[in-house]
Amino acid sequence: MPIKIIETRFPHESIEPKWQSRWRDSQIYKVDDNDPRPKWYELTMYPYPSGDLHVGHWYAMTGADIHARFRNMQGYNVLHPMGFDAFGLNAENAAIQRGIHPHSWTMDNIGRMRQQLASMGPMYDWEREVVTCLPEYYKWNQWFFLQFYQNGLAYRDFAPVNWCPSCVTVLANEQVIDGVCERCDTTVTHRDMNQWFFRITAYAEELLDQSKMDWPDRINTMQTNWIGKSEGVEFGFDISEYKLDSETLVTFTTRIDTVYGVTFVVLAPEHQLVEALTAPEQEDSVKAYINSARKATEVERLAIDREKTGVFLGTYCVNPLTQDRIPILIGDYVLNTYGTGIVMGVPAHDTRDFTFAKKYDLPIKIVVAPPEWDGNELDEAYVAPGTQVNSLEFNGLSNSEGRLRIADHIEDRNLGTKTVNYRMRDWLISRQRYWGTPIPIIYCNDCGVVPVKKEDLPVLLPEDAEFLPTGESPLALHNEFVNAECPDCGKPGKRETDTMDTFVDSSWYFLRYASPKHSAAAFDEKSAQLWNPVDQYTGGVEHAVMHLLYSRFFVKAARDLGLIKYDEPFKRLFNQGTIIYKGAKMSKSRGNVIAPDDYVSVVGADTVRTYLMFIGPWEQGGEWNDSGINGAARWLNKVWDISNYDPGTFAQNSNLDSKKELNRLLHKTIMRVGEDIEKFKYNTAISALMEFTNSLAESHIPQKISYIDWLRFTRDLYVMMAPIVPHLAEELWEISGMEFSIHTQLWPVYDESLAQDEEFTLVVQINGKVRAKIPAPANITESDANQLALQNSSIEKHITGLAIRKTIYVPGKLLNIVAN
């Protein structure tokens with residue numbers, strides 16, 4: 001704390017533990033499924049127990065808690081649970097580095113974080129807590145896996161994977177950011193491994209339907225782009241002369257109108273036909289290129305600014321539409337996991353193909369002519385609309401019409417098929433780590449891949465695994481774990497030693513909160529149906545194409561398994577911003593975290609909550625600054641001071657004008673604060689509360705207001721403060737003579753007529769130029785506004801000698817006089 005923090009004049013060190021204990025003992029936040037009030041499920045993304053909480057955690061959780069408390073005061077039965085995303089790499093790395101078991105490290109962290117969360121004063125029902133590393137939770141991860149496996153949604157495939165040499169594990173595509181591991185910023189490489197996948201692509205089309213979600217546009221756009229739907233044609237180039245099992249090279253293209261201009265075809269270096277299609281004289285150069293390509297990540301290979309490279313295989317294919325003989329190359333910009341792993345090169349109409357053709361001296365054939373084309377070569381690729389040329393019977397058509405007609409022609413001749421492709425790949429869930437959910441599969445020499453039986457779940461993690469940075473799962477080195485009987489034949493078998501991606505845990509945890517102690521199934525279907533889908537979800541934007549997309553997939557799969565009856569996990573989504581400190585997002589990995597505990601001990605949790613929510617718009621975040629917390633402390637000090645006025649100093653009866661003015665301010669504040677909390681605009685809600693406090697704190701108020709009226713005004717202030725500063729509001733409520741608890745009070749109702757300003761500033765323009773600003777009654781009519789403006793001396797001066805043609809009136813804002 002380099003800046004001196006002012007002291008609070010209220011005894012937060014006794015107030016906060018007092019009320020936390022009272023709430024705990026009274027079970028005021030215990031959620032009852034049978035409560036007759038309408039339900040509201042408010043959920044914030046649960047934390048990873050990596051150690052102590054920092055103020056970035058508080059920033060996310062305080063905002064969610066405020067909104068949940070507000071909904072409770074609006075008359076809803078609110079479920080606002082908390083849990084811990086407890087599996088993950090940090091715990092296993094701690095085991096290697098510190099010689100402590102991941103379970104011990106994780107559970108110790110959870111214990112500390114529970115205490116820190118409780119000090120924040122949230123309305124969590126701790127009986128609904130979920131901890132994903134416990135067998136009673138991860139048993140159901142395994143059960144879901146078996147359901148997916150039995151229904152074709154889980155499968156094993158040999159495939160190149162992203163490999164982080166530092167974390168020593170496989171990464172999903174979504175976990176590779178700009179070619180580096182999202183966790184440790186190490187450059188990601190490739191390995192070929194047998195991996196388990198979830199078939200998320202089976203739901204690609206449905207995942208594009210966002211009509212049942214009220215989510216931010218940017219999240220919807222990010223998911224749409226990640227899924228990457230493309231409509232086009234799969235078209236085959238003839239390779240029958242090589243007498244292979246496959247007689248065609250099938251490509252996918254969205255520009256079938258350019259198929260007559262193909263002058264080369266490129267395969268992914270990993271494509272299964274590369275070896276068979278490589279001529280003997282090209283073997284050395286092809287192998288060298290493949291080895292080089294495998295060192296680059298998919299992100300690097302697809303980078304727009306990366307130069308395209310390739311190697312000629314020494315063989316050719318034939319375009320069946322033109323009978324042109326076309327060279328076959330490999331190039332690392334083609335991915336075996338997207339489309340068919342083969343692309344056609346049309347340099348005349350693709351910018352990167354044009355550069356590639358120039359580099360390797362390949363032909364450039366124009367088939368879509370620019371307007372007024374003179375038949376000469378192009379200086380650059382032409383990618384705009386044009387007219388089909390050199391396209392046989394399709395010459396003269398617009399290329400948009402040509403696209404349709406050529407696609408039909410190809411299908412009629414059985415040369416290809418109209419189809420849809422998706423950029424999104426299936427979800428790779430295999431991890432070569434210990435601290436995760438074991439995959440419930442046994443490999444038998446006789447029976448093959450055999451799922452563990454439901455009654456044998458959970459497959460438990462052994463407590464005595466050895467943690468070595470070998471690149472292999474520690475489970476693979478544990479003989480007692482590995483060796484198991486085949487569930488079908490009883491003969492010796494081997495367990496799968498990979499564990500599941502931790503995103504599996506978070507893809508359905510919101511369902512478990514409805515009945516976290518239910519032991520007969522993943523969740524009690526009646527309770528899950530009562531609470532889900534989540535009414536309001538909050539969390540970071542960084543989860544747009546991982547957790548949020550995976551959760552949507554899980555819900556749709558669970559629906560199709562007959563477990564639930566809804567289509568989406570979260571009705572509404574709000575993304576809060578991040579706390580910045582020393583110029584970067586607050587993060588333990590960056591070493592720029594601030595522990596809230598020190599500040600809580602000095603100014604109290606309520607002051608920290610207030611400052612975090614006042615730091616800026618919640619969706620934007622802001623820079624942590626010690627001096628800013630003083631503003632929050634000053635406001636709460638002022639509230640404390642006015643709440644302790646001597647009752648004997650107040651007037652016997654209220655002055656009617658003063659009472660009327662305070663009443664108007666009260667109703668205006670109720671409206672503003674309620675509307676702002678509804679929209680997560682906590683900084684402006686707090687600003688409105690500060691303004692009302694300042695009005696109450698004016699020195700003349702006690703002489704103008706009776707104590708009875710004073711209590712009414714301050715009690716409504718406490719109720720409005722309660723979601724933001726739950727401890728202090730509870731204390732002041734009690735001091736004012738009210739019974740426990742303020743958190744059972746309904747949100748005050750405002751009178752709309754009183755909440756409106758009695759006056760506003762009417763801006764008067766003449767021909768669009770501001771000529772006067774006049775105080776006007778809030779309910780002034782257009783006719784009266786015209787009359788008021790024309791009586792103004794400044795306006796009268798500017799329109800002298802002019803004829804008024806018309807007036808334009810915007811109620812409550814301005815009047816524009818058009819005159820000449």
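Leu-563 is buried, with a relative accessible area of 16%. I start with this residue, in what is a predicted model, because the cut-off for burial is under 20% and Leu-563, at 16%, falls on the buried side of it. Where in the chain is Leu-563 found? Leu-563 belongs to the loop between α17, residues 547–560, and β27, residues 570–575. Setting aside neighbours within four places in sequence, its contacts are Trp-143, Phe-144, Phe-523, Glu-525 and Ala-558. There is also a spatial relation to Ala-522: the two residues are 41 positions apart in sequence, and their C-alpha atoms are 9.7 Å apart.

One of those contacts, Phe-144, leads to the nonpolar interior. The largest nonpolar core has 169 residues. Which residues have the most contacts inside this core? They are Phe-144, Phe-145, Phe-198, Trp-427 and Trp-624. To take Trp-624 as an example, and again leaving out neighbours within four places in sequence, Trp-624 is in contact with Val-55, Ile-579, Ile-580, Tyr-581, Met-586, Ile-594, Tyr-599, Tyr-611, Leu-612, Ile-615 and Ile-629. A second core, separate from this one, has 40 residues, including Ile-239, Val-311, Ile-326 and Ile-366.

I turn next to the aromatic residues. The structure holds 57 aromatic pairs. In one of them, Trp-427 and Tyr-550 have ring centres 3.7 Å apart and planes at 5°, so this pair is stacked. Trp-427 lies in strand β19, residues 427–428, whereas Tyr-550 lies in helix α17, so the pair ties together parts that are 123 residues apart in sequence. Both Trp-427 and Tyr-550 are buried. Trp-427 also forms an aromatic pair with Phe-554, and here the arrangement is edge-to-face, with 6.3 Å from centre to centre and 65° between the planes. Phe-554 is in helix α17 and Trp-427 in strand β19, so this second pair ties together parts 127 residues apart in sequence. Phe-554 is buried, as is Trp-427. To bring these points together, Trp-427 is among the residues with the most contacts in the largest core, and its ring is stacked with that of Tyr-550 while meeting Phe-554 edge-to-face.

Two arginine side chains also deserve a remark. The charged end of Arg-71 sits over the ring of Trp-40, at 4.3 Å from the ring centre. Arg-712 lies over the face of Phe-713, with a distance of 4.6 Å to the ring centre.

A polar residue comes next. Is Gln-142 buried or exposed? Gln-142 is buried, and its relative accessible area is 0%. Its place is in helix α5, which covers residues 135–150. Not counting residues up to four places away in sequence, Gln-142 touches Thr-437, Pro-438, Pro-440, Leu-457, Pro-458, Val-459 and Met-500.

Let me now consider the strands. In strand β12, residues 264–267, Phe-264 and Val-266 point one way, and Val-265 and Leu-267 point the other way; all are buried. How is β12 joined to β15? The two strands run antiparallel and 4 bridges join them, β15 being residues 342–345. Within that pairing, Val-265 stands opposite Met-344. With strand β14, residues 325–330, β12 pairs in the parallel sense over 3 bridges. There, Val-266 stands opposite Leu-329.

Elsewhere, 4 strands form an open sheet with antiparallel pairing, in the order β22-β21-β24-β23. Strands β22, residues 448–451, and β23, residues 483–485, stand at the edges with a single partner strand each, so one side of each has no neighbour in the sheet. Neighbouring strands of this sheet are turned against each other by 45° on average, direction ignored. The edge strand β23 and strand β24, residues 492–495, pair in the antiparallel sense over 3 bridges. Ala-484 has Gly-493 in β24 as its bridge partner.

I close with the protein as a whole. The protein has 28 helices and 34 strands. Its C-alpha trace spans about 105 × 90 × 50 Å along the principal axes. Of its 820 residues, 55% count as buried. Finally, among contacts between residues at least 6 apart in sequence, 74% join residues at least 24 apart.

Terms used: Residues are numbered from 1 along each chain as its sequence is written. This is a predicted model: local features need pLDDT of at least 70, side-chain atom pairs count only at pLDDT 80 or more; totals for chains, interfaces and linings use all residues. Side-chain values use heavy atoms; hydrogens and water are left out. Two strands pair if DSSP finds at least two bridges between them. Axes are lines fitted to C-alpha atoms, for helices over the stretch in contact, and angles run from 0 to 180 degrees between N-to-C directions. A nonpolar core is a set of buried Ala, Val, Leu, Ile, Met, Phe, Trp, Tyr and Cys residues joined through side-chain atoms within 4.5 Å. Buried means under 20% relative accessible area, exposed over 50%, partly exposed in between (1.4 Å probe, protein chains only). Contact means heavy atoms within 4.5 Å. Rings of Phe, Tyr and Trp (its six-membered ring) pair if their centres lie within 6.5 Å; planes under 30 degrees apart count as stacked, over 60 as edge-to-face and the rest as tilted. A charge sits over a ring if NZ of Lys or CZ of Arg is within 6 Å of the ring centre and within 35 degrees of the ring normal.
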